[in-house]
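Here is a short tour for anyone about to open the model in a viewer. Keep the cartoon view at hand while you read.

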Amino acid sequence: MAPFDETLLDDEGRRAAVDSTGMLRALAGAGAQVRRAVTLTREGDLGGVAGGERPRAVHVAAVGGSEAVAAVLDLLISRTSPVLLTADGSGPLPGWVGTLDLVISVSLSGRAEGPVRQAREAGRRGAHVLTIGAPDSPLADAAAAARGVHLPIDPGTGHSRTALWSLLVPALLATTACGVVDIPDGALLGAADRLDEQAERFRPDAEYFVNPAKTLALDLSEVAPVILGDGAVTGVAARRMSMMLARTARLPATWGRLPDAAAQVVACLSGPLTGGGDSAGDDIFADPYLDGPTAPRLGLVLLRDPTPEAGAPEGEIERHNTAQSVADHAGSRGVRLLEHAARPGHDVERLAELVALTDFASTYLAIGHELDPATTPGIAGLHLPRKASE
């Protein structure tokens, strides 16, 4: 792999040669993607989702980049709804799914084997079926056979890593329509506005020293990242970032959320990839020819919610204090701390802000290493179920 070259990010010609399919351009259109998805979804049969009644439970069948839909629904349902949610797009449909339940199958192409198979099985069991994906596809046929609802996506949407909002918005509106969650219209429009604002900040012609996404990419090129969300929303953003770094920039990264992951993260902060308490950094006298290459240094990427205001619930204050404690400990161990916080707003708005940052940073990281961010060499040769990467 070529060493990271930050000058490539500011060179339009060289940057475009690496990003041959225009992934940066696709990410910049995320706000428009939300608005288009809202329009398309509202033209569909939202009143027919789950017969217009709240289901007993929801199962989401999604794989690859579409799995983010399940993660966001799980976040929202677990915080505000009494409905049970499970997610698994590659295995069999859970045995408990029956006539009182809703199965949501998601596939950008409408051809992913697991989601299509589960939608068909749900129909055979008499469950309510909602499918989200390409029109005139096997997934749409499965919904029709089950007398369910298919919500088509914009045919011009790119691959699943840049199509998050085209897939997520229909799921949010549909689950709102049947009473599973309650997403106000202003939250989706607010998310679209934040995505537009972030796209302007992270635009390719903004030089890296005034572009937070390019700066984060440069920082990530120098560390072995551990990504930590300080709560439920930021935990979903951390999971998304880990996936984007692996699939887009080919950089493995572990992730977790507080408070569950606090112990394992703190344990890593005293391991072999840290500075061992030496905040001064690497040994300036080390000879890479005699001593060999240095091991990658650990970097803690801490994604944070806004600082709680006075009078906030005790749980929010405790979450904030735990995150600050982990950050302080990382600094004391000589670990590089990369900290980013979302502005106040609805869960979906805060998630959009953080996802935009990390999606752009992952793409810039790939480009800086002269890697095409849209391709994943070797995936096609794996013995995976058909279209399992979607």
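Two strands count as paired if DSSP finds at least two bridges between them. By that rule E8 and strand E9 (residues 336-341) pair, in the parallel sense and over 6 bridges. Please bear in mind that this is a predicted model. The notes below take one sheet with its helices, then the other, and finish with a single residue.

**The sheet E7-E6-E8-E9**

- This open sheet has 4 strands in the order E7-E6-E8-E9, and the pairing is parallel.
- Strand E7 (254-257) and E9 are the edge strands, each of them pairing on one side only.
- From one strand to the next, the twist averages 20 degrees.
- Strand E6 (residues 223-229) runs parallel to E8 and is joined to E8 by 7 bridges.
- Two positions help to fix the register between these strands: Pro225 stands opposite Gly299 in E8, and Gly229 has Leu303 of E8 as its bridge partner.
- Leu303 also has a bridge partner in E9, namely His340.
- How many of the 8 residues of strand E8 (residues 297-304) are buried? The count is 7, so E8 is largely enclosed by the rest of the structure.
- E8 and E9, together with helix H14 (residues 314-332), make a right-handed β-α-β unit.

**Helices on that sheet**

- Helix H10 lies across E6, E8 and E9, and runs at about 155 degrees to E9.
- H11 packs on the sheet as well, where H11 touches E6, E7 and E8; the direction of H11 makes about 150 degrees with that of E6.
- Why can helix H10 (residues 212-220) be called largely enclosed? Because 7 of its 9 residues are buried.
- The buried residues of H10 are Ala213, Leu216, Ala217, Leu218 and Leu220, along with Lys214 and Asp219.
- The cover over these buried residues of H10 includes helix H1 (6-9), helix H15 (347-368) and H11, as well as the strands E6, E8 and E9.

**The sheet E2-E1-E3-E4-E5**

- Here 5 strands form an open sheet, ordered E2-E1-E3-E4-E5, with parallel pairing.
- Strand E2 (84-87) and E5 stand at the edges with a single partner strand each, so one side of each has no neighbour in the sheet.
- The twist from one strand to the next averages 15 degrees.
- Strand E4 (residues 128-133) pairs with E5 in the parallel sense over 4 bridges, and Gly133 has Pro152 in E5 as its bridge partner.
- Helix H5 (residues 67-80) packs on this sheet and touches strand E1 (57-61), E2 and strand E3 (102-107); the direction of H5 makes about 160 degrees with that of E2.

**Helix packing: H5, H8 and H4**

- Two packed helices are described by the angle between their axes and the distance between the axes.
- For H5 and H8, the angle is about 35 degrees and the axes are 9 Å apart.
- The crossing of H5 and H8 is right-handed.
- On the H5 side, the residues that meet H8 are Ala68, Val69, Val72, Leu73 and Leu76; on the H8 side they are Leu164, Leu167, Leu168, Ala171, Leu172 and Thr175.
- Helix H4 (residues 30-42) has 13 residues, which at 1.5 Å a residue should span 18 Å; its end C-alpha atoms are 18 Å apart, so the two values agree.
- Buried residues in H4 are Ala30, Gly31, Gln33, Val34, Ala37, Val38, Leu40 and Thr41.
- Among the elements that cover the buried residues of H4 are helix H3 (23-28), strand E5 (149-152), helix H8 (164-177) and helix H9 (185-201).

**A closer look at Ala238**

- Where does Ala238 sit? Its place is in helix H11 (residues 232-249).
- Ala238 has a relative accessible area of 0%, and because buried means under 20%, this residue counts as buried.
- Setting aside neighbours within four places in sequence, Ala238 is in contact with Ile227, Leu228, Gly229, Trp255, Gly256 and Leu303.
- Two of those contacts, Gly229 and Leu303, are the bridge partners noted above for E6 and E8.
- Ala238 and Thr254 are 16 residues apart in sequence, while their C-alpha atoms are 9.0 Å apart in space.

Terms used. Residues numbered from 1 in each chain as written. Predicted model: local features only at pLDDT ≥ 70, side-chain atom pairs only at ≥ 80, totals over all residues. Heavy atoms only, no water. Expected span 1.5 Å × (residues − 1). Buried < 20%, exposed > 50% of the residue type's maximum accessible area, 1.4 Å probe, protein only. Contact = heavy atoms within 4.5 Å. Axes fitted to C-alpha atoms, helices over the stretch in contact; angles between N-to-C directions. Right-handed = clockwise from strand over helix to strand, strands pointing away. Left-handed = near helix turned anticlockwise from the far one by under 90°.
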